[in-house]
Amino acid sequence: MKGIIKDVTFDTVVGEVMHMKNDGQRLVTLSTYQAGEGKMGILYHFDKELETTHLRLVADMDKPIPSVSGVYFSAMLVENEIRDQWDVEFDGLVLDFNRTLLLDPEVTQVPLASNVKIAPKN
Amino acid sequence: MATTVIPFGPQHPVLPEPIHLTLKVEDEIVKEAVPALGYVHRGLEKLADIRDYHQMITVCERVCGICSMIHGTVYSQCVEELMGIEVTDRAKMLRVIWSELHRMHSHLLWLGLFADAFGFEALFMQFWKVRERIMDINEATAGSRVIVSVNIIGGVRADLSPEQIRWILSELDTAEQEIKALQDTIMNDYSVKSRTKGIGVMTYDQALELGAAGPTLRGSGVAQDMRMLGYGGYESLDFEPVTEPDGDCWSRSTVRFREVLQSIDLVRQAASKLPEGELAVKVKGNPPEGEVYQRVEQPRGECVYYVRGNGTKHLDRLRIRTPTFANIPPLLHMVPGCELADVPVIVLSIDPCISCTER
């Protein structure tokens, strides 16, 4: 994958994202993938004058992931989408659609995580 | 002052596709806008689990009809990079030609809809009349007006003969004259300016911080266009991004208008530099383990694809971030402070494509 890749952890992700913002980087988006049983990878893609930097976080899906929406408001939408697709929670999400950004409340199957069923939202 | 909550959408005369905004209004001034999505979510990314990597081109082209060509191109580029496939220069340049035709017809469609949003029906019809020429080119060269489906992994499936290229250039000469005849109206007409100048302002710094993309970003003076990366055949074309400094609806409209003329120029350049060569290279095997991140410029802005291969014919992950998805946070910033009557114009000024956004 082209661009600089840096690994971050639960403890450092918000600080690293703040550092990127202070450096004048634009948050392009977040990408996710399955990183083993019960784990997901999150890539935070940044752009500055067409140069790309990626932060990679491998997260346990059963723990709330630190939200970066307090640093970049634009992360709010994509974090809500990830919440829909993986049924994970974000800690500090500035506007939480509670897993109904794209999905209907009665949906019980997590779209991107195999064999995981969830309770309908009321 | 009492607050009134007004639902905007999901069905509204200016919205070709459904999106809902909850507007909190005080005395005709919007104080807050909260979006609601999900009306046309199809879960297309998940289809990568059951469709092989060749079939996924067909799926990607249907993420959005209006920019289907460019979705097919970026997906193909991702798989080609993953598999180490070098596409021929002719195929790259043919992709540029169809991509720019798509940009033209998308912008002309939007310019018509924008005119319609502030009640200028005659201008709406004029832009759509010109657009028909581009649709006719698509139909004559690829067999379909909207979803041209020319991309395959390794190149393209359709070619342009010298006669077709001459005819396309002649049609574009006519279209250019017709478009330039509308320039004074869309840029300088009193009623157009009164509905667009100083409305929905987003500054340079705000556009970057909110992650805006495409004409919404460039309308705030940021000279960034993914075609500057030189992907596909763009590396051999002369290209400067179109920008306008004011960050209002007029600026975003003017960027798109000027980009239509720029696309005509790019098609001319691509046609003049179209090399001889094969249309596609043969593809064997499956995408190996690995990941690819690609960005291209769609009519609405930067489109991001992230692809992971796992050595099988199915991709491990296909992630698509479309430009309208990036432009919703900027929209939520533009609307507060405006008059209620300006909301449709501001919403349309980001050229929202909701089927793209929700996939």
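This passage describes the two chains of a predicted model, the packing of helices within chain B and the contact between the chains.

Chain A, with 2 helices and 6 strands, follows the pattern β-α-β-β-β-β-α-β when read along the sequence. The C-alpha trace of chain A spans about 45 × 30 × 25 Å along its principal axes, and its radius of gyration of 14 Å agrees with the value near 14 Å that a compact globule of 122 residues would have. Buried residues make up 42% of the 122 residues in chain A. Of the contacts in chain A between residues at least 6 apart in sequence, 45% join residues at least 24 apart.

The secondary structure of chain B comes to 12 helices and 8 strands. Its C-alpha atoms fill a box of roughly 70 × 45 × 35 Å, taken along the principal axes, and for 359 residues the radius of gyration of 20 Å agrees with the value near 21 Å that a compact globule would have. In chain B, 54% of the 359 residues are buried, and residues 24 or more positions apart account for 70% of the contacts with a separation of 6 or more.

Within chain B, helix α9 (residues 249–272) packs against both helix α3 (residues 89–117) and helix α5 (residues 162–188). The axes of α3(B) and α9(B) come within 9 Å and cross at roughly 155°, which makes α3(B) roughly antiparallel to α9(B), since angles over 145 degrees are counted in that class. The crossing in which α3(B) passes α9(B) is left-handed. From α3(B), the contact involves residues including B:Met93, B:Val96, B:Ile97, B:Leu101, B:Trp110 and B:Phe114, while α9(B) contributes, among others, B:Phe257, B:Val260, B:Ile264 and B:Val267. The residues of this contact of α3(B) with α9(B) divide into 16 nonpolar, 3 polar and 4 charged; among the charged residues are B:Glu100 and B:Arg103 of α3(B) and B:Arg256 and B:Glu259 of α9(B).

The second of these packings brings α5(B) and α9(B) together at an angle of about 160°, with their axes 10 Å apart, and the two helices are therefore roughly antiparallel to each other. The crossing of α5(B) and α9(B) is likewise left-handed. Residues of α5(B) in this contact include B:Ile165, B:Leu169, B:Leu172, B:Ile179 and B:Met187, and those of α9(B) include B:Phe257, B:Val260, B:Leu261, B:Ile264 and B:Val267. The contact of α5(B) with α9(B) comprises 13 nonpolar, 3 polar and 2 charged residues. Several residues of α9(B), including B:Ser253, B:Phe257, B:Val260, B:Ile264, B:Val267 and B:Ala271, take part in the contact with α3(B) and also in the contact with α5(B).

B:Trp128 is found in helix α4 (residues 121–142) of chain B. With 18 other C-beta atoms within 10 Å, B:Trp128 is partly exposed, because a residue is counted as buried at 20 or more. The C-alpha atom of B:Trp128 is separated by 6.5 Å from that of B:Leu108, which lies 20 residues away along the chain; B:Leu108 is also one of the α3(B) residues in contact with α9(B).

Between the chains, 25 residues of chain B are in contact with 23 residues of chain A. On the side of chain B that touches chain A, the elements giving two or more residues are β6 (290–298), β7 (301–309), β8 (317–321) and α10 (323–334), with the largest share, 4 residues, coming from α10(B). The residues on this side of chain B divide into 13 nonpolar, 4 polar and 8 charged.

Conventions: Residues numbered from 1 in each chain as written. Chains lettered and ligands numbered in written order. Predicted model: local features only at pLDDT ≥ 70, side-chain atom pairs only at ≥ 80, totals over all residues. Axes fitted to C-alpha atoms, helices over the stretch in contact; angles between N-to-C directions. Parallel < 35°, antiparallel > 145°, perpendicular 65-115°, else oblique. Left-handed = near helix turned anticlockwise from the far one by under 90°. Contact = placed C-beta atoms within 7 Å. Rg over C-alpha atoms; globule rule 2.2 N^0.38 Å. Buried ≥ 20, exposed ≤ 12 C-beta atoms within 10 Å, placed from the backbone.
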